Amino acid sequence: SIYHTLQIKAERRWANGLQFLVSYTNSKMIDDASVDNDIALDPRNLRLERSLSTYDVAQRLSLSGTYTLPAFSQSGAFARHALGGWMLGGIATFRSGLPYTPMWSGAVPNTGVGTVRPNRIASGKLDNPTVDRWFDAGAFGAPEQYTYGNSGRNILRMDGVSNVDFSICKDFSLGEERRLQFRVELFNALNHPDFGLPAVNVNTPQVGVVRTASDP
């Protein structure tokens, strides 16, 4: 396997309690097997398996920041304790979807392999995929008898990830040695769904349909 990456990070802190961090990664990972059960269709031609890794994330952007409200030292005791010292924080993550491989069910090559890759006629990518049609199944056809199909490995991508987490907290002093913290955390605060792997077998009725969501 090989992995190339460009990484950029920007960080800034201000004296008024505001700080942020932005990280961006553009990368490409290539291999001929990503997990233990990745089996070469044709053991006499391992170059057919050389492609994007199952774990390839082409782009990833992460933004995080915190802001501590001022102490309101010039205000009354109630405002100072009730309004001052709150900390707001957030993390936003956006990344490309992981690659996957369209497949064709059937022992076409007559070598004991029950599932092969189809013949690729067109790209297979859709500009506006939906959970009922995540890729163009018409771009793939039946491989010829006694062949493995000419479609490559990991040529399409799943849905990406768009996630925003938010938190708010405040510490209350209980003497010199103790403190009480109030905290509220919202994970996936915008309730945004990120969809999972579609049905990849081209010669089945459910082809291209997404029935699962990625881990929140």
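Student: Which residues are linked into a cluster by ring pairs?
Tutor: The model shown here is predicted. In it, ring pairs join one tyrosine and two phenylalanines into a cluster. The members are Tyr-100, Phe-135 and Phe-140.

Student: How many aromatic pairs does a search of the whole structure find?
Tutor: Rings count as a pair when their centres lie within 6.5 Å. With that cut-off, the number of aromatic pairs found in the whole structure is five.

Student: What kind of pair do the rings of Trp-86 and Phe-182 form?
Tutor: Their ring centres are 5.9 Å apart, and the planes stand at 85 degrees. Planes over 60 degrees apart count as edge-to-face. The pair of Trp-86 and Phe-182 is therefore edge-to-face.

Student: How many residues apart are Trp-86 and Phe-182?
Tutor: Trp-86 sits in the loop between helix 1 (77-83) and strand 5 (87-95). Phe-182 belongs to strand 13 (residues 179-186). The pair links distant parts of the chain, with a separation of 96 residues.

Student: Is Trp-86 buried or exposed?
Tutor: The relative accessible area of Trp-86 is 17%. Buried means under 20%. Phe-182, with 42%, is partly exposed, whereas Trp-86 is buried.

Student: What kind of pair do the rings of Trp-134 and Phe-195 form?
Tutor: The centres of these two rings are 6.4 Å apart. Their planes meet at 65 degrees, which means the pair is edge-to-face.

Student: How many residues apart in sequence are the parts that Trp-134 and Phe-195 tie together?
Tutor: Trp-134 is in the loop between strand 9 (119-120) and strand 10 (140-141). Phe-195 is in the segment after strand 13. The parts tied together are apart in sequence by 61 residues.

Student: Does Phe-195 count as buried or partly exposed?
Tutor: Its partner Trp-134 has 10% relative accessibility and so counts as buried. Phe-195 has 27% relative accessibility. Phe-195 therefore counts as partly exposed.

Student: Which residue lies over the face of Phe-172?
Tutor: A charge sits over a ring if it is within 6 Å of the ring centre and within 35 degrees of the ring normal. Here the distance to the ring centre of Phe-172 is 5.1 Å. The residue over its face is Lys-170.

Student: Which residue in the turn between strand 1 and strand 2 has a positive phi?
Tutor: Strand 1 (residues 2-13) and strand 2 (residues 18-31) pair in the antiparallel sense over 12 bridges. One of the opposed pairs is Gln-7 with Thr-25. The two strands form a hairpin with four residues between them. The turn residue with a positive phi, about 95 degrees, is Gly-17.

Student: How many bridges does strand 2 have with strand 4?
Tutor: Strand 2 also pairs with strand 3 (residues 51-52), over two bridges. Its pairing with strand 4 (residues 59-68) is antiparallel, and Leu-21 stands opposite Ser-64 there. The number of bridges with strand 4 is nine.

Student: What is the bridge partner of Ser-167 in strand 13?
Tutor: Strand 12 (residues 161-173) runs antiparallel to strand 13, and eight bridges join them. The two form a hairpin with five residues between them, and Gly-175 in the turn has a positive phi of about 95 degrees. The partner of Ser-167 in strand 13 is Glu-185.

Student: How many nonpolar residues are in the lining of the largest pocket?
Tutor: The largest pocket has a volume of about 490 Å³. It is lined by 23 residues, and Asp-38, Ile-39, Met-103, Arg-117 and Arg-153 lie nearest its centre. Five lining residues are polar and five are charged, while the nonpolar ones number 13.

Student: Does Asn-110 count as buried or exposed?
Tutor: Asn-110 lies in the loop between strand 7 (104-105) and strand 8 (115-116). Although Asn-110 is not a glycine, its phi is positive, at about 60 degrees. With 59% relative accessibility, Asn-110 counts as exposed.

Student: What is the relative accessibility of Tyr-146?
Tutor: Tyr-146 is found in the loop between strand 10 and strand 11 (156-157). Its phi is near 70 degrees, a positive value in a residue other than glycine. Tyr-146 counts as exposed because its relative accessibility is 57%.

Note on methods. Residues are numbered from 1 along each chain as its sequence is written. This is a predicted model: local features need pLDDT of at least 70, side-chain atom pairs count only at pLDDT 80 or more; totals for chains, interfaces and linings use all residues. Side-chain values use heavy atoms; hydrogens and water are left out. Rings of Phe, Tyr and Trp (its six-membered ring) pair if their centres lie within 6.5 Å; planes under 30 degrees apart count as stacked, over 60 as edge-to-face and the rest as tilted. Buried means under 20% relative accessible area, exposed over 50%, partly exposed in between (1.4 Å probe, protein chains only). Two strands pair if DSSP finds at least two bridges between them. On a 1 Å grid over the protein atoms alone, a cavity is a set of points where a 1.4 Å probe fits but cannot get out, and a pocket is an open set with protein on both sides within 12 Å along at least five of seven lines; lining residues have an atom within 4 Å of a point. Grid points are joined across faces, edges and corners, and a volume is the space filled by probe spheres set on the points. Ala, Val, Leu, Ile, Met, Phe, Trp, Tyr, Cys and Pro count as nonpolar, Asp, Glu, Lys and Arg as charged, and the others, Gly among them, as polar.
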